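Here is a short report on enclosed space and packing in one protein model. Please keep the structure open while reading.

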Amino acid sequence: MMRRLRFTGTDSKNGSCPALHEDLDSGEVIVQGRPLTDRDDVAQLRHLGTGDAAVVVPRQLLVNWAPKEIDRTPEVISPEEFARLFETFEHTAWHLETRGGYASDREDLDYGTFLKTGQAIWDLDSKWHQNIKRQTGDRKRVGRVRVVDSPPTEGQRFLLSYGAGNVASGENVGCLWRADARRINLLEEDFWIFDSRLVVVLHFDDADVLTSIETITEPAEVVRYSMARDAAVHHATPYEDFVGQVPKTD
């Protein structure tokens, strides 16, 4: 069975070796580097079995990117604490939206209106939109990239319609087809990142219900999510252009 590998990080300045990857199922770390081939060097290695390979990597790669704990204990916050982050961030708040839909959207009364009319309703006087307008008015930056299936799910069509409200509030919104997201090996996690120092990972069950809100501040992990943000923003299509590419439903 093919492994599910996640890129952890590299100190390379040009995108080459060395690098680390993590097996998402087993937790094993895959070290990618220059093979050790000199016979005299290999002869000094202990416990090198048949079929084993040795690679050479800088010490700083392991210091910067290797896991620091055997089993990491998630730092979970409440929905109220999460909501306060949107009022207290200093510079930037950014979201990678990866799911086909969200149970919280389907529970909203306005979702039924969308199913009937094909048009989402947004209230620019709501607490959320007023706060975003206030934050962006203070020259802070708020943005998101939505990953969209082809064809979009019902939940994604709702979010695409609702996106006009996000833009009207001052958000920088982009969209990315899921095939393109997978082509660039973009993370498939749903997360917010605040001020390039605090990551909030949103965990959902199979019914799209939010089950926990995890915070991450470990520098190497924050850098990994920042790299995903930068890649998503670089490859995304601006919201207004993307919605014009989406086929209309009957």
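What volume does the second largest cavity have? The model is predicted, and in it the second largest cavity comes to about 40 Å³.

**Cavities**

The search covered the whole structure and returned 2 cavities of 30 Å³ or more. For the largest cavity, the volume is about 50 Å³. The table sets out both.

| Cavity | Volume | Lining residues by class |
|---|---|---|
| Largest | about 50 Å³ | 4 nonpolar, 1 polar, 3 charged |
| Second largest | about 40 Å³ | 5 nonpolar, 1 polar, 3 charged |

Take the largest cavity. Its lining consists of Thr98, Val147, Arg178, Ala181, Arg182, Leu186, Leu187 and Glu188. Which helix gives the most to this lining? Helix 8, spanning residues 178–183, does so with 3 residues.

Now the second largest cavity. Glu97, Arg99, Tyr102, Arg146, Val147, Val148, Gln156, Leu159 and Leu160 form its lining. Two elements, strand 8 (141–148) and helix 7 (154–168), each supply at least two of these residues. Val147 appears in the lining of the largest cavity and also in that of the second largest.

**Glu189**

Where is Glu189 found? Glu189 sits in the loop between helix 8 and strand 10 (190–194). The Glu189 side chain makes a polar contact of 2.6 Å with the side chain of Tyr225. Setting aside neighbours within four places in sequence, the residues in contact with Glu189 are Arg6, Leu96, Thr98, Val201, Arg224 and Tyr225. One of these, Thr98, is also part of the lining of the largest cavity.

**Helix 5 against helix 7**

Helix 7, which supplies residues to the second largest cavity, also packs on helix 5 (residues 109–117). The angle between these helices is about 95°, and their axes lie 11 Å apart. Angles of 65 to 115 degrees count as roughly perpendicular, so helix 5 is roughly perpendicular to helix 7. On the helix 5 side, Tyr111, Phe114 and Leu115 make the contact. On the helix 7 side, Glu154, Gly155, Arg157, Phe158 and Ser161 take part. By class, the residues of this contact divide into 4 nonpolar, 2 polar and 2 charged.

Note on methods: Residues are numbered from 1 along each chain as its sequence is written. This is a predicted model: local features need pLDDT of at least 70, side-chain atom pairs count only at pLDDT 80 or more; totals for chains, interfaces and linings use all residues. Side-chain values use heavy atoms; hydrogens and water are left out. On a 1 Å grid over the protein atoms alone, a cavity is a set of points where a 1.4 Å probe fits but cannot get out, and a pocket is an open set with protein on both sides within 12 Å along at least five of seven lines; lining residues have an atom within 4 Å of a point. Grid points are joined across faces, edges and corners, and a volume is the space filled by probe spheres set on the points. Helices (H or I, at least four residues) and strands (E, at least two) are DSSP runs, numbered from the N terminus. Ala, Val, Leu, Ile, Met, Phe, Trp, Tyr, Cys and Pro count as nonpolar, Asp, Glu, Lys and Arg as charged, and the others, Gly among them, as polar. A polar contact is a pair of N or O atoms within 3.5 Å; within protein, one must be able to donate a hydrogen and the other to accept it, and residues adjacent in sequence count only if both atoms are side-chain atoms. Contact means heavy atoms within 4.5 Å. Axes are lines fitted to C-alpha atoms, for helices over the stretch in contact, and angles run from 0 to 180 degrees between N-to-C directions. Angles under 35 degrees count as roughly parallel, over 145 as roughly antiparallel, 65 to 115 as roughly perpendicular and the rest as oblique.
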